[in-house]
Structure formats: C-alpha cells, structure tokens
Amino acid sequence: MGKKINLLVFSGDYDKLYAALLIANGARDMEMEVSMFFAFWGLLIMRDPEKAVGEGKSTYEKMFGAVTPKGPEDLGLSRMNMMGMGKSMMLDMMKDDNAPSLQKLLDGARKNKVKFYGCKLSAEVMGFKKEEMLPELEVVDVKAYIGDAVNSDMQLFI
Amino acid sequence: MGKKINLLVFSGDYDKLYAALLIANGARDMEMEVSMFFAFWGLLIMRDPEKAVGEGKSTYEKMFGAVTPKGPEDLGLSRMNMMGMGKSMMLDMMKDDNAPSLQKLLDGARKNKVKFYGCKLSAEVMGFKKEEMLPELEVVDVKAYIGDAVNSDMQLFI
Amino acid sequence: MGKKINLLVFSGDYDKLYAALLIANGARDMEMEVSMFFAFWGLLIMRDPEKAVGEGKSTYEKMFGAVTPKGPEDLGLSRMNMMGMGKSMMLDMMKDDNAPSLQKLLDGARKNKVKFYGCKLSAEVMGFKKEEMLPELEVVDVKAYIGDAVNSDMQLFI
C-alpha cells in the first residue's frame with residue numbers, strides 16, 4: 001500500500017546529506033516509510049557532537065575520531081568548500097532564503113520517525129562506539145541493508 | 001506499459017552529467033519516459049551561458065553566479081581536472097573517438113523531450129532566476145520530485 | 001522470482017568500490033542476481049595490474065593509461081586520501097578489524113558470478129583494450145545497461 005524509500009548515505013558532505021534529509025523528510029510528510037542506511041563517511045553525521053569517546057579505541061581510531069567532523073554542522077561542502085569559506089557563504093545564502101540548517105533537517109527526521117541504520121563494518125573499522133552515536137541509530141550488517149533496499153519502491157546511493 | 005526513468009542530478013561535474021545525459025538519451029531512444037531533476041550543483045548545467053542576470057540578486061548571489069560554471073562546456077571533471085588541463089586532454093580523447101560533447105548530449109535531450117525539473121529550494125538559495133535558465137526547465141519542490149521518482153521503474157542519484 | 005540488483009559503478013575511489021563490492025557479494029550470498037556496469041573511472045578497477053598494453057594507443061591514451069590506477073589496490077580514497085597517507089591508515093584500521101581488502105572483495109565477486117559489464121564508450125575514449133582488462137568483463141553499450149537496470153528490483157549509481 002504505502003510506498004517505501006531506502007537511502008544509502010555513503011557521503012559525509014554537508015550538501016549531499018542536506019539533499020538526503022530533504023528527501024527523507026519530504027517522503028515522511030507524504031506518509032511514506034523511509035530508511036536511511038549510513039555507511040563510511042555518512043556515519044559522521046550520526047555522531048553526537050557532545051559525546052566523543054576515547055576509551056577502548058586504538059591509536060588510529062582515536063586520531064581518526066579527532067580529525068573527522070562531529071555531527072551535522074561540522075561537515076563541509078562537496079565542492080567550493082574552500083577551507084570553510086565557501087561553506088559559510090552558502091550558509092548565509094541559505095539563511096537569506098529561510099532554508100533550514102542541516103541540524104534542523106536532522107532533528108526533523110528524528111522526530112518524523114525516519115529509520116536510521118548504521119553499517120556495522122564501517123562503524124567497526126572507524127572505531128565508532130555506540131555511546132558516541134545518536135540513540136536512534138541501529139547498527140546492522142550489509143545484508144540487512146540489502147533486504148530492506150530491495151523491498152523498497154525506490155533506492156538511492158548518496 | 002512503457003518504462004519510466006527518474007534521474008536526480010545533484011552533481012555539477014562534466015563527466016557525471018555526461019553519464020546522466022547518455023542514460024537519458026539512450027532511454028528516450030528506447031521509448032522510455034525520462035525525468036531529470038536538477039538540484040544543487042546540477043543546476044549549473046541548466047544555466048544559459050548567454051543570459052547571466054544580476055538584478056534582484058544579493059551580493060553573495062551575484063558573486064556565486066559569477067564564479068560558478070555557466071552551462072555544460074564550462075563544467076570540470078570530477079577527478080583529474082587539474083585546473084582544466086586534464087579536462088582538455090579528456091575532450092581531445094573524446095574527439096578522437098567521435099564521442100559527442102556534453103553540449104551535444106544536452107541539445108539531444110532537449111530535442112528528445114527529456115523532462116527537465118529544477119529544485120526550487122536550490123534555485124532560491126543560489127539566487128538563480130528563471131530568465132537565466134534553459135526555457136525547458138520547470139522549477140518544482142522536493143515533493144514533486146519524490147512523487148515522480150517513486151512512481152518510476154528506476155531511480156538514480158548522480 | 002529471485003531478486004535482481006544492478007549497480008552502475010562510475011567512481012574509481014577505493015571506498016566507493018568497496019561499498020559496491022560489499023553489496024554485490026552480499027546480494028549473491030542471498031541468491032540474488034547481480035550486474036555491475038563499470039563506466040568512466042569505474043573501469044580502473046577492471047584493469048589487470050599485470051597487463052598494461054601500449055600498442056595501438058594514441059599518445060594521450062598511453063599517458064592516461066600510465067598515470068591512472070591499475071587494479072583495485074592502486075585506487076585512492078574519495079576523501080582524506082592525503083597522497084595515500086590517509087588510505088594506508090585506513091587499510092591498517094581495516095586489518096585491525098579483519099575487514100577484507102578490496103582485492104579480496106573483487107576476487108569474491110568474480111568467484112560468486114557477479115556479472116561484470118564495461119561501458120563501451122568509456123573504454124574507447126580512455127583507450128582501454130580488451131587484453132588489459134579482467135577476462136570476465138563484457139563490454140556493452142549504454143542501452144544494454146539501461147535494459148538490464150530497468151528490469152532489476154534495485155539500481156544504484158555509485
């Protein structure tokens with residue numbers, strides 16, 4: 001009956017995640033079911049900026065956790081980022097048009113019951129612990145993703 | 001009966017747009033329906049190189065319009081662009097094999113009745129006015145995209 | 001009856017190809033049919049590192065063949081590659097978690113009968129000859145891709 005959308009979010013770019021969350025929120029408004037599966041760089045937006053964890057990590061995992069963006073507003077643009085200058089210009093242009101921030105879109109998706117899945121293998125390799133991620137994130141393996149995706153009416157790799 | 005293809009074109013890279021338009025033209029030749037929805041950087045290829053508009057734009061929107069590519073042949077490669085050197089080498093290699101230019105593919109898609117939609121929010125944020133875009137471009141919101149995409153037989157995010 | 005997955009692999013990044021091959025192998029384990037269509041930079045992973053060919057190529061095609069990665073382990077990350085430093089750190093982190101290398105995933109996909117298609121136009125433009133590619137690669141045109149994709153249960157552009 002109802003339509004179902006599946007988004008594989010691989011990217012950690014502000015603008016691509018913006019597109020992903022616009023689609024997710026729009027589809028929920030249209031009463032579709034929406035699953036987002038965050039893998040590789042996409043997991044960066046699932047980090048809770050207040051909750052970095054150091055214990056139980058290897059040296060590389062600690063370094064990696066420290067140098068990568070924490071949460072939505074810390075991400076850069078996929079192009080014209082120019083060390084953040086292009087991004088802050090883009091944010092000003094968004095404000096002029098009353099476009100919501102990425103943080104707002106993410107808050108909306110959490111409230112609107114978009115389902116958040118995280119890629120188990122990526123989380124292990126990057127050393128991300130459950131406690132430093134958003135509580136809604138459910139970590140699953142690639143077969144769970146495939147099963148969900150192939151039974152959806154639409155799939156995107158973002 | 002007939003199949004329907006929906007392409008979300010987010011990228012503003014010459015090579016990715018080349019792939020998108022090859023698919024669009026191929027599918028039209030096979031008598032499928034094709035919608036392309038241009039969002040964010042994808043809108044750059046929908047600009048008419050002859051018709052830059054300055055009036056009614058904020059300072060940032062003017063700057064943004066001036067520094068970003070205008071129309072298909074102004075776009076760079078997604079990798080090995082090397083300030084345009086890699087791209088001009090690629091263009092020479094394409095000519096050697098009689099591969100059409102991006103401009104030709106775009107002209108073909110316009111003639112072949114591929115449907116061109118533009119993302120309303122992106123156009124507003126970037127300050128692109130209707131008069132500086134190709135006349136075939138119809139500006140719609142994200143829900144119009146989702147409705148079209150979810151009722152297609154195939155969707156790609158490019 | 002059985003489900004069918006179609007992946008258009010446009011990217012030549014280690015991490016994106018890793019994701020593509022994880023999905024391909026996972027879907028084969030779940031007894032789905034899987035087609036991968038390698039276009040543009042995606043063709044780089046289909047090169048046999050032992051079999052570079054020079055004859056019958058234009059000067060540009062020779063240069064291009066020499067400066068681009070040959071085979072899976074030669075590819076870089078889509079971000080944080082940092083001249084290979086970021087990549088080797090990532091490879092160490094993968095080893096710590098017993099994650100397979102890209103080469104292993106590719107070997108698995110070949111053994112698991114994933115179908116490998118290569119884009120004819122891309123191969124011609126880049127000057128890649130049949131003899132320097134993996135023997136499983138079947139070179140086809142864009143319409144063969146579209147026909148396969150539109151009749152699949154799921155399509156991704158990676």
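**Note on the sheet, the helix packing and the chain contacts**

1. In chain C, strand β1 (residues 4–9) pairs with β5(C) in the parallel sense, over 4 bridges. One residue of this pairing can be named on each strand: C:Leu7 has C:Leu156 in β5(C) as its bridge partner. The model is a predicted one, and the points below should be read with that in mind.

2. On confidence, the model has an ipTM of 0.95 and a pTM of 0.96. For chain A the mean pLDDT is 95, and 99% of the residues of chain A reach 70 or more. As a general caution, predicted coordinates should not be read in detail where pLDDT is low.

3. Which strand order does the sheet of chain C have? The order is β4-β3-β2-β1-β5 (chain C), in an open sheet of 5 strands with parallel pairing. At the edges are β4 (138–140) and β5 (154–157) of chain C, each of which pairs on one side only. On average, neighbouring strands of this sheet are turned by 25° against each other, direction ignored. The pairing of β1 with β5(C) in point 1 therefore involves an edge strand, since β5 of chain C pairs on one side only.

4. Chain A also has an open sheet of 5 strands, and the order is β4-β3-β2-β1-β5 (chain A) with parallel pairing. Its edge strands are β4 (138–140) and β5 (154–157) of chain A, and each of these pairs on one side only. From one strand to the next, the twist averages 25°.

5. Further inside the sheet of chain A, strand β2 (residues 33–38) runs parallel to strand β3 (residues 115–119), and 4 bridges join the two. Within β2 and β3, A:Ser35 stands opposite A:Lys115 in β3(A).

6. Helix α1 (residues 14–29) of chain A lies across β1 (4–9) and β2 of chain A. Its direction is at about 165° to β1(A). In chain C, α1(C) lies across β1 and β2 (33–38), and runs at about 165° to β1(C).

7. How do α1(A) and helix α4 (residues 102–111) of chain A cross? Their axes come within 9 Å and cross at roughly 35°, and the crossing is left-handed. On the side of α1(A) the contact is made by A:Tyr14, A:Leu17, A:Tyr18, A:Leu21, A:Leu22, A:Ala24 and A:Asn25. On the side of α4(A) it is made by A:Leu102, A:Leu105, A:Leu106, A:Gly108 and A:Ala109. By class, the contact of α1(A) with α4(A) has 10 nonpolar, 2 polar and no charged residues.

8. The corresponding helices of chain C can be described in a similar way. The axes of helix α1 (residues 14–29) and helix α4 (residues 102–111) of chain C come within 9 Å, with a crossing of roughly 35°. This crossing of α1(C) and α4(C) is left-handed. Among the residues of α1(C) that meet α4(C) are C:Tyr14, C:Leu17 and C:Tyr18, and among those of α4(C) are C:Leu102 and C:Leu105. The contact of α1(C) with α4(C) divides into 10 nonpolar, 2 polar and no charged residues.

9. The contact between chains A and B takes 23 residues from chain A and 18 residues from chain B. On the side of chain A, α1, α3 (85–96) and β5 each supply at least two residues. The largest share comes from α1(A), with 7 residues. The residues on the side of chain A that touches chain B comprise 14 nonpolar, 1 polar and 8 charged.

10. Towards chain C, the contact takes 18 residues from chain A and 23 residues from chain C. The elements of chain A that give two or more residues here are α2 (59–67), α5 (120–126), α6 (142–150) and β5. α6(A) gives the most, with 5 residues. By class, the side of chain A that touches chain C has 13 nonpolar, 2 polar and 3 charged residues.

11. Why can chains A and B be described by a three-fold rotation axis? Chain A can be laid on chain B by a turn of 120° and a shift of 0.0 Å along the axis, with an RMSD of 0.0 Å. The two copies are therefore related as by a three-fold rotation axis. The copies use different surfaces, as 4% of the contact residues of chain A recur in chain B.

12. Chain A is superposed on chain C by a rotation of 120° with 0.0 Å of shift along its axis, at an RMSD of 0.0 Å. Only 6% of the interface residues of chain A are also interface residues in chain C, so these copies meet through different surfaces.

Methods
Residues numbered from 1 in each chain as written. Chains lettered and ligands numbered in written order. Predicted model: local features only at pLDDT ≥ 70, side-chain atom pairs only at ≥ 80, totals over all residues. Axes fitted to C-alpha atoms, helices over the stretch in contact; angles between N-to-C directions. Contact = placed C-beta atoms within 7 Å. Left-handed = near helix turned anticlockwise from the far one by under 90°. Nonpolar A, V, L, I, M, F, W, Y, C, P; charged D, E, K, R; others polar. Least-squares fit on C-alpha atoms with pLDDT ≥ 70 in both. pLDDT = per-residue confidence, 0-100.
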